[in-house]
Amino acid sequence: MTILPPAPAPSGKPWSPASWGLAARLIVGLALLLVLILLFTVGTYQLAVWERRQAMALARQPERPSRMTGEARFGAIVPVTTTGWAVAFTRPVGPLEAALRRQFLGRAGAIWGVTLLAGLLAAVLVSRMVRPLRVLVRAATAMARGERPTVAPVGDPPEAAALADAIRAMSAAVAQREDALRDALHLRDHLYRMTEAVTRAERVEEIYDRALEALLQGVGADRAAILLQDRDGVMRCVRSAGLSPAYCAAVEGHSPWAATTADPQPVLIPDVAVGLEPPLRETVLGEGIRAMAFFPLVAEGRLIGTFMVYYDTPHAFRNAEVQTAQAVAGHVAFAIRRHRAEEARRRMERTQRYLAEASRVLSESLDYERTLHEVARLAVPALADLCLVDLRGDDGVVRRVVAVHADPARARLMEVLRRYAPDPAREAGAGRVLRTRQPEVVQPVEEAWLARVAQDAVHLQVLRELGVAAQMTVPLLARDAVLGTILFAACDPRRRFDADDLALAEELGRRVALAIENARLYARERHIAETLQRSLLPDRLPEIPGLRVAARYLPAGPEAEIGGDWYDVLALPTGEVALVMGDVAGRGVRAAATMGQLRNAVRAYALEGHPPALIVERLNALLHADEMATCLYVTLDLASGRVRFVNAGHVPPLVVAPEGRVTALEGGALPLGILSHARYPEGEATLAPGALLLLFTDGLVEARGRSLDDGLAALRRAAAETAGVEEPAEVIDRLVAALLGREAPVDDVAVLAARPTPLPLERLRLRFPAVPASLPTLRHTLKRWLAAAGVAPAEAYEILVAAGEASSNAIEHAYGAADGTFAVETALEDGTVTVTVQDWGRWRDPRGAHRGRGLVLIRAFMDTVEVHRSGVGTTVRMQRRVRRGPAG
Amino acid sequence: MRPLARVVVSTPGGVPVATVEGEVDITNAAEVRAQILAAVPNGAPGVVVDLTPTTYLDSRGVHLLLELAGRLRRSQQALGVVCPSGSVIRRTLTLAHLDQVVPLYATVEAALGAIG
C-alpha cells in the first residue's frame, strides 16, 4: 500500500530553542543602559565614545570650551581601528560640576532602583507568558512535519489554553482529512489497477476474479459474489468468494430489480435480521451473513447483473464504500460488455473463417462422402466436440456417413456410434429432424433423453460414455427434399449452444446440402451418360478368323463428363472387315447419344454394303446443324491386306510394320457436320504381312502440357517399340502406359489395334453366332483357308457350298436355343479336307424342297457325310479328297 | 465394297435381263428374288436371269430360281437362266435338277433368242 507522500517541509528559518527570548533581551538591554548611565554620571573623567571620523576631527580642533562648564578640556582620543570608533578621555570635571553630579546621582539612584524592580517584574511576567507558547509552537511545528503530536495541557493564560485547544482541534481535523485523502488515494489506486487488470483480461473469468478482489478490498466486505443475467434474464452466479455452492445456487434468480428497471440503485441491508424477509432471511443467516448489499451491474443502460457484498457482522455502510462498490460495478459492467462484444466479434470472424473453409472444401470435390468427412473435421473442435452426418440415400435408407470426435481417444466409441444411423420413426433426435425438417437443440442432454434416442443398450452405453452435454441437429435441406442431418454435440458440461451457434450450423447445413445435391446430380448424370456410352460401345468385338483385334476405351478422370468417342469392328458381307473410330464433339449425355446414332448409322450403311466414301458422306448428312464429329472408316481385306479408308477430320491411323517402321495413313477431309455436302476422298494402302493397324482418338496423344504434334511423335516412338509384340491388346497396353502413364486421361481415349494373321493350315476352328449373317464370313474365311491350303478353286467352291448348306441347317437348329452359336472346324490331312459343322440346337426334319436339296448338294459335293444327332445338338462331318496344287 | 449381291437389270431387246453379281445365300435370297421380279413388267414375255457374274449360289439360290419360275409360269411368262458351262455354280444347278424345270443357257444371247 502506498502511504501518503512525505509532509511538505515548513517554509522559512526553523525556530531554534537556542535563540534568546524576549525576557533575556530586555534584561541585557537594561544592564547596558545602567552601566552607561553610571559611567556618565559617576566618573570624574569623561569617557566618551565617538565615531572615529568625528573624534579625529575633534582632536585636530583647537581646544573648545566645555558645553557644561565652558572650560577647555584636554584628553586623549584613542581610535579603535577595528570598530571605527574612538574612545576619548577628557580632563576631570570641575568641583561644581562634581557637586551637581552627586546631587543628580542621588535622585537618579532612586529612579534606577524603581526601574530595575519594574524590569525584573516584567521579566518574570514575560517568561510565564512565553513558556506555554513555546509548547504550542513545538506542537504546531510537529504537525507541519506530518506528525500527529499530543498537545500538552496549558493552564494560563486563558488565551494560551484556548490556543492549545484550537491547535488540538486542528491537529485532529488535519489527521482526519489526511486519512480520508489516504483512503481516496488508496481507492483510486485500487480502481486503477483493477481497471487495468480487467482491461487486460483475456478470459471473462479473469474479469470476475479481479472484480471480486476489488470489491472485497474496496468495501472491506467478508464475501462477495457476481451474478449475471443469462439469455432468459435469470440471474446466475458466475463467481463468488467465501460462499457455499448451496448458497450460490439458492440466490440464483433473485434480483431486487426488475430486468426492465431504468436506473437501478444499490440496495443496502445493514442488518439482515431486520432487513430481510423469510425465507431468504433464513438462507442468508444460515450462511453466517449479517449484512449485505446489492449493487447493479449496468452496461449501456441495461441491467446485466448484480454485485453482492456480504459482512459477517451488521455493517453501517459508509458513503465511501457504496461509491467504491458502484465504481467497481461500473468498471466491471463495462469490461464485461466489452468482453462480450469482443467475444462476439471473434466468434463472427471464426464463423466466417469456418464457413469459408468449409465452402472451399465442399466446392473442391464431387466426392461428397469424403468431403463431408473434411467438413466435419473442420467442425470439431471449432464448433463442437462431436459431429455426426447422416444421409438418406436414393433408396430412402438413412446411413451414418460421418462420426468424428475432437478427441482421438474417442475414435473407438465413434466407430460404434457410426453403426447407429438415426431411426426416422423416433420421436427425438436426428430421426425427428429428418421427419419434421426442423432443427433441434437439446441442452442439457439428460439421461431420460438419452434413453429415448438410444436404439439399444450398447447405443445407450456409448452415448453415456461420450458425456454429451448439449447437442443441436440441423436438417440438410435441398430444394424440397431432406438429404440428411448434421448433428453437433458438446461434451463440456457448461457448454451451451446459442442462437448464433444454431445459425452457423443451419448455414453449414444449407451449404452441405447444396454440395451433396450437386454431387448427386452430377453422379446421376454421369452414370446415365456412362451407361449410355457403355451400351453404345461394343461389349465384345466380333471374332474374325485371321484377324487379331483389340480395343480399349478409357474414360477421362472422374471429375470429367464422359465424351463421345466410339469405335466399332464389323465383319462385312463381302468378307472384308470394317474398323471404325470416331469422336463426337462435346461431352455428356448428348454427345453420347449422338455417338450412338452415328455408330448405328455406320453399322447399317456398312452392312448394306456401301462403299466407304458414301458411308461417311451419309453420316455427314445425318448430323444436326450444331453437331460435329470426326470419323475414320477403314476396310481391310484379310486375304490381300488391302486397306481402304476415309478420314473425316480424325487423327490419321498408324501402320506399324513388323520390323517397327511406323507410317501414318495420311489423307482426309473435314470433320462431319461442317459442310452439308462435303466430299470425302477414299485412300488406299496395303498392309504388309504381320503389320498392325492402329486407330485412336486424340485423347491418347493429347495430354496436359503437350502439343498434339509432340503427342503424335511420342506415340510413333512408342509404337515402333512394340515391334515384336504379337497381341494387339498388349500393344495397346504398352502404348497407353507410355503415353498416359497411370493417370486417368484428361480426355476420353479410344484405341483400336488390328493385325491380320495367316489362318492355321492344319486345323481351323471357327465359331459363329447362329445367324444368317455369319454365313458370308464363314465362306470368306473358308475360302481363304482353302486357297492357302492349295485346294483348286472349283473343288474349293463345292466344299464351300457343302459347308454353307450344313451351316444353314445349323443356324436353323440353333434358332431359339440358349447358346446361339455354331462351330465349324476344318482340317487338311493326307489330301483330305474334313469339315465338321456342329450346333447345340434342336434337330428339325428337313422341310421344304430346298432343305432336301441342301443335303443333296452336300452328298454330291463331299465324298463322305456323317450326321450325328443327339439331345444336345447335331454334328455333320464331311470329307473330300482334294487334288492339291502348288502350296499356297 | 459391294453388297453381297447386286441385281443389274437391262432390257436390250424387249426382254429384261437381270444380272446377279456376287453371292446368293440365305441372307439375301428373298431380296434378290424381289429385285428380279421388280424388273419384269407385266407385259414382258419373260425374264433372263444371268448368273454369269454370280460367285456363289447354294440351295437357297436354287430355291429362289424355282420359286421365280413358278411365279412366272402362273403369269405365263418365261424364265431363262444363263450359266456358262465353266461356271462353278453350274453343277449346283444341275445337281438340284433346276435344268429339268428351267432352261439353262450358256449365253445371254442364246437365252434372249429362246425367249424373245
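Let's start at one spot on the interface: Arg91(B) pairs with Glu798(A) in a salt bridge, and their closest N and O atoms sit 3.0 Å apart. Bear in mind that this is a predicted model. That bridge belongs to the contact between chain B and chain A, where the rule finds four salt bridges. Polar contacts turn up there too, with eight residue pairs counted between chain B and chain A, both partners at pLDDT 80 or more.

Which elements of chain B give two or more residues to the side that touches chain A? They are β4 (54-57), α2 (59-74) and α3 (90-95). Of these, α2(B) gives the most, with five residues. As for the make-up of that side of chain B, the residues split into twelve nonpolar, five polar and six charged.

Zooming out, the contact draws on 23 residues from chain B and 34 residues from chain A. Putting the two chains together buries about 2400 Å², and carbon and sulfur atoms give 59% of that area.

How far does the predictor back all this? The model comes with an ipTM of 0.92 and a pTM of 0.52. For chain B, the average pLDDT is 89, and 98% of the residues score at least 70.

**Backbone oddities**

A few loop residues are worth a look while you have the structure open. Two of them are non-glycine residues with a positive phi, and here they are side by side.

| Residue | Phi | Loop | Relative accessible area |
|---|---|---|---|
| Asp830(A) | about 50° | between β25 (821-829) and β26 (832-839) of chain A | 66% |
| His97(B) | about 60° | between α3 and β6 (104-105) of chain B | 44% |

Are these two buried or exposed? Asp830(A) has a relative accessible area of 66%, so it counts as exposed, the cut-off being over 50%. His97(B), at 44%, falls short of that cut-off and is therefore partly exposed. The loop that holds His97(B) runs on from α3 of chain B, and α3 is one of the elements that give two or more residues to the side of chain B touching chain A.

The other oddity is a cis peptide bond, which runs from Gln443(A) to Pro444(A) with omega near -5°. Where does Pro444(A) sit? You'll find Pro444(A) in the loop between β11 (440-442) and α13 (447-453) of chain A.

Conventions
Residues numbered from 1 in each chain as written. Chains lettered and ligands numbered in written order. Predicted model: local features only at pLDDT ≥ 70, side-chain atom pairs only at ≥ 80, totals over all residues. Heavy atoms only, no water. Contact = heavy atoms within 4.5 Å. Buried area = accessible area lost by both parts, 1.4 Å probe. Salt bridge = Lys/Arg side-chain N within 4 Å of Asp/Glu carboxyl O. Polar contact = N/O pair within 3.5 Å; in protein donor to acceptor, adjacent residues only side chain to side chain. Helix = DSSP H or I, 4+ residues; strand = E, 2+ residues; numbered from the N terminus. Nonpolar A, V, L, I, M, F, W, Y, C, P; charged D, E, K, R; others polar. pLDDT = per-residue confidence, 0-100. Buried < 20%, exposed > 50% of the residue type's maximum accessible area, 1.4 Å probe, protein only.
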